[in-house]
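Trainee: Could you walk me through this one at the bench computer? I'd like to take it piece by piece.

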Amino acid sequence: MSTKKSPLTYEPVSAWEGCSTTTRRRQVNALAQRYIDFLSSCKTERETIAYVQKRLAEAGFSEDFRKASVMRSLHGKCLFAVRKGRSTLASGVRLIAAHADSPRLDFKQRPIIEQSEVVQGKTHYYGGIRKYQWLARPLALHGVVALENGKSVSLVIGEKPGDPVFTIADLLPHLAQKQSAQKVSEAFEGEKLNVVIGHSPALASASKKDPDAKSPLKAHVLQLLNEQYGIREEDLVSAEIQAVPAGPARFVGLDKGLIGGYGQDDRICVFAALEALTSARAVANGQSMAVIFWDKEEIGSDGATGASSRFLQYCMEDMTRAWAPAIPVSQVFMRTKALSADVTAALDPDFPEVHEKQNAARLGFGPCFAKFGGSRGKYGSSEAEAEFFAELRGLLNKKNIPWQVAELGKVDVGGGGTVALFLAAYGMDVIDCGPALLSMHSPFELSSVADVSATVDAYRAFLEG
Ligand code: MN
Ligand code: MN
């Protein structure tokens with residue numbers, strides 16, 4: 001890299017500096033295009049884990065823990081994968097942890113209602129959303145309907161050209177005078193996030209039409225669902241249907257320097273960790289390299305597939321039993337080094353006042369290390385050890401990979417948590433490390449093309465050690 005560091009002062013280096021040649025820029029754009037394709041097709045945790053499983057299977061991973069490249073998933077919503085290294089498990093593994101779930105609108109268990117000449121799907125939002133961002137925009141439905149006979153029906157409606165989309169109607173400005181004076185937190189109610197899914201009665205000739213139906217529009221929607229997916233209204237009770245922003249991710253800007261799309265928190269880290277795991281070189285004396293992709297992070301990491309579950313522990317136990325039965329798994333855990341791979345907030349051009357500039361993440365300056373998270377005096381944070389942070393910046397500096405530090409907002413302005421504390425609970429070294437986003441948790445989050453590439457490089461360097 002061309003920039004010479006002053007011997008005394010420290011300034012982070014732009015990740016664009018490493019993309020200044022035509023060849024390098026072409027590689028970085030090709031990676032960004034693959035990331036865009038991934039984002040466009042993986043909009044739920046299940047779709048993301050299925051994609052990861054496919055990629056890992058192509059790379060030779062199997063579910064047999066006696067082999068050297070292993071993967072295991074639980075309920076199709078979280079996944080652990082590991083590549084055996086040349087050094088023994090006594091030195092722990094190098095682990096990258098990310099999450100595959102994103103904020104969205106989940107259909108309720110009895111979702112379908114008919115009122116005021118439209119059929120709607122009632123939702124209960126999942127994770128931290130700004131409710132107004134989900135109004136008056138095209139939505140797609142992704143999900144599974146689990147049937148009594150043990151089979152499941154998958155559905156994705158609203159992504160293919162020619163598919164219908166869905167939407168939540170917003171209040172017209174003419175009649176929003178009272179709402180406009182309300183606080184944002186009170187103006188938009190969760191119970192009004194109802195997705196429009198139909199409007200017309202069935203044809204008179206329809207075979208299953210009930211002429212006396214009290215809700216003829218709803219009856220038509222149910223008829224179509226039955227024809228196309230073989231499901232009945234009761235089946236929706238055991239369904240997981242998510243309303244997500246419709247349409248593909250896109251390059252943003254005349255220079256195509258940014259990527260806009262839904263679910264980048266935290267699928268950008270899933271993608272980068274997967275790229276790193278499948279492309280890392282097996283180095284002499286290298287430790288085993290592992291990734292874990294969890295679910296439920298956006299609602300507190302509880303649940304069987306979330307980071308507070310025993311899933312990682314069971315996988316590590318099975319791995320140790322297969323590869324090094326004489327070593328206690330507690331030792332493997334305590335010597336493991338981990339990156340909690342999650343996004344952070346980029347310095348916002350329009351709201352710089354919520355950031356403390358010197359410690360804020362900058363878009364395009366590479367992955368961000370957050371030594372701590374939490375709020376109100378680091379509450380709820382597992383702080384990383386200074387020694388581990390020093391080791392990591394040394395590793396990246398040696399390879400000329402850009403990185404920066406990040407603190408999520410000014411002191412006492414807000415805050416947030418990641419899965420780092422669940423890893424720290426095992427005694428391992430762990431630090432948060434991921435790219436910065438603008439519009440985080442919105443239906444159209446923004447990342448930097450240069451950061452995608454720098455994050456893959458950083459994760460690969462970390463795994464290789
Ligand atoms: Mn996240
Ligand atoms: Mn999040």
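What follows is a chat about a predicted model, taken one question at a time.

Trainee: Let's start with the overall layout. How many Å apart do the C-alpha centres of domain 1 and domain 2 lie?

Mentor: First look at how the chain is divided: domain 1 takes 2-102 + 262-464, and domain 2 takes 104-245. Now go from one C-alpha centre to the other, and the distance is 34 Å.

Trainee: And which three residues supply most to the area that domain 1 buries against domain 2, more than any other three?

Mentor: There's a real contact there, with 18 residues of domain 1 touching 15 residues of domain 2. Between them the domains bury about 1400 Å², 49% of it on carbon and sulfur atoms. On the domain 1 side, 36% of the buried area comes from Lys43, Tyr262 and Pro443.

Trainee: On to the metals. Which residue coordinates both manganese ions?

Mentor: Take ligand 1 first: its protein donors are His99 (NE2), Asp265 (OD), Asp342 (OD) and Asp342 (OD), at 2.1 to 2.5 Å. For ligand 2 the donors are Asp265 (OD), Glu298 (OE), Glu298 (OE) and His441 (NE2), at 2.1 to 2.6 Å. The two ions are 3.4 Å apart, and the residue that coordinates both is Asp265.

Trainee: How many residues apart in sequence are the parts that Asp265 and His441 tie together?

Mentor: The donor residues of ligand 2 are spaced D-x32-E-x142-H. Asp265 lies in helix α6 and His441 in the loop between β18 and β19, so the pair ties together parts separated in sequence by 176 residues.

Trainee: Same game for ligand 1: how many residues apart are His99 and Asp342?

Mentor: Along the chain, the donors of ligand 1 follow the spacing H-x165-D-x76-D. His99 sits in strand β3 and Asp342 in the loop between β13 and β14, and that puts the pair apart by 243 residues.

Trainee: Are His99 and Asp342 buried or exposed?

Mentor: The cut-off for buried is under 20% relative accessible area. The ligand 2 pair, Asp265 and His441, meets it. As for His99 and Asp342, both are buried.

Trainee: Now the sheets. Which strands stand at the edges of the eight-stranded sheet?

Mentor: Read along the open sheet and you get β1-β2-β12-β3-β13-β17-β15-β16, with mixed pairing. The end strands have a single partner each, so one side of each is left without a neighbour in the sheet; they are β1 and β16.

Trainee: Which residue in β13 stands opposite Leu95?

Mentor: Strands β3 and β13 run parallel and are joined by four bridges. Opposite Leu95 you'll find Ala338.

Trainee: What angle does helix α7 make with β2?

Mentor: Helix α7 (residues 311-323) packs on that sheet, touching β1, β2, β3 and β12. Helix α9 (residues 386-398) lies across β3, β13, β15, β16 and β17, at about 50 degrees to β17. For α7 against β2, the angle is about 25 degrees.

Trainee: Which residue in the β1 and β2 turn has a positive phi?

Mentor: β1 and β2 run antiparallel with six bridges, and Leu74 stands opposite Cys78. The two strands form a hairpin with three residues between them, and the one with a positive phi of about 55 degrees is His75.

Trainee: What about the six-stranded sheet: how many degrees does its twist average from one strand to the next?

Mentor: This open sheet has the order β7-β6-β9-β4-β5-β8 and antiparallel pairing. β7 and β8 stand at its edges, each with a single partner strand. From strand to strand, the twist averages 30 degrees.

Trainee: Which residue in β8 stands opposite Gln120?

Mentor: Four bridges join β5 to β8, and the two run antiparallel. Helix α5 (residues 216-229) lies across both of them as well as β4 and β7. The residue opposite Gln120 is Val196.

Trainee: Last one. Which residues does Tyr132 touch, leaving out those up to four places away in sequence?

Mentor: Tyr132 lies in the loop between β5 and β6 and is partly exposed, at 32% relative accessibility. Its C-alpha is 9.9 Å from that of Ser185, 53 residues away along the chain. The residues Tyr132 touches are Val184 and Phe188.

Notes:
Residues are numbered from 1 along each chain as its sequence is written. Chains are lettered from A and ligands numbered from 1 in the order in which they are written. This is a predicted model: local features need pLDDT of at least 70, side-chain atom pairs count only at pLDDT 80 or more; totals for chains, interfaces and linings use all residues. Side-chain values use heavy atoms; hydrogens and water are left out. Donors are N, O and S atoms within 2.8 Å of the metal (3.2 Å for Na, K and Ca); water is not among the atoms, so sites may look incomplete. Buried means under 20% relative accessible area, exposed over 50%, partly exposed in between (1.4 Å probe, protein chains only). Two strands pair if DSSP finds at least two bridges between them. Contact means heavy atoms within 4.5 Å. Axes are lines fitted to C-alpha atoms, for helices over the stretch in contact, and angles run from 0 to 180 degrees between N-to-C directions. Domain bounds come from an automatic or database domain assignment. Buried area is the accessible area (1.4 Å probe) that two parts lose on being put together, summed over both.
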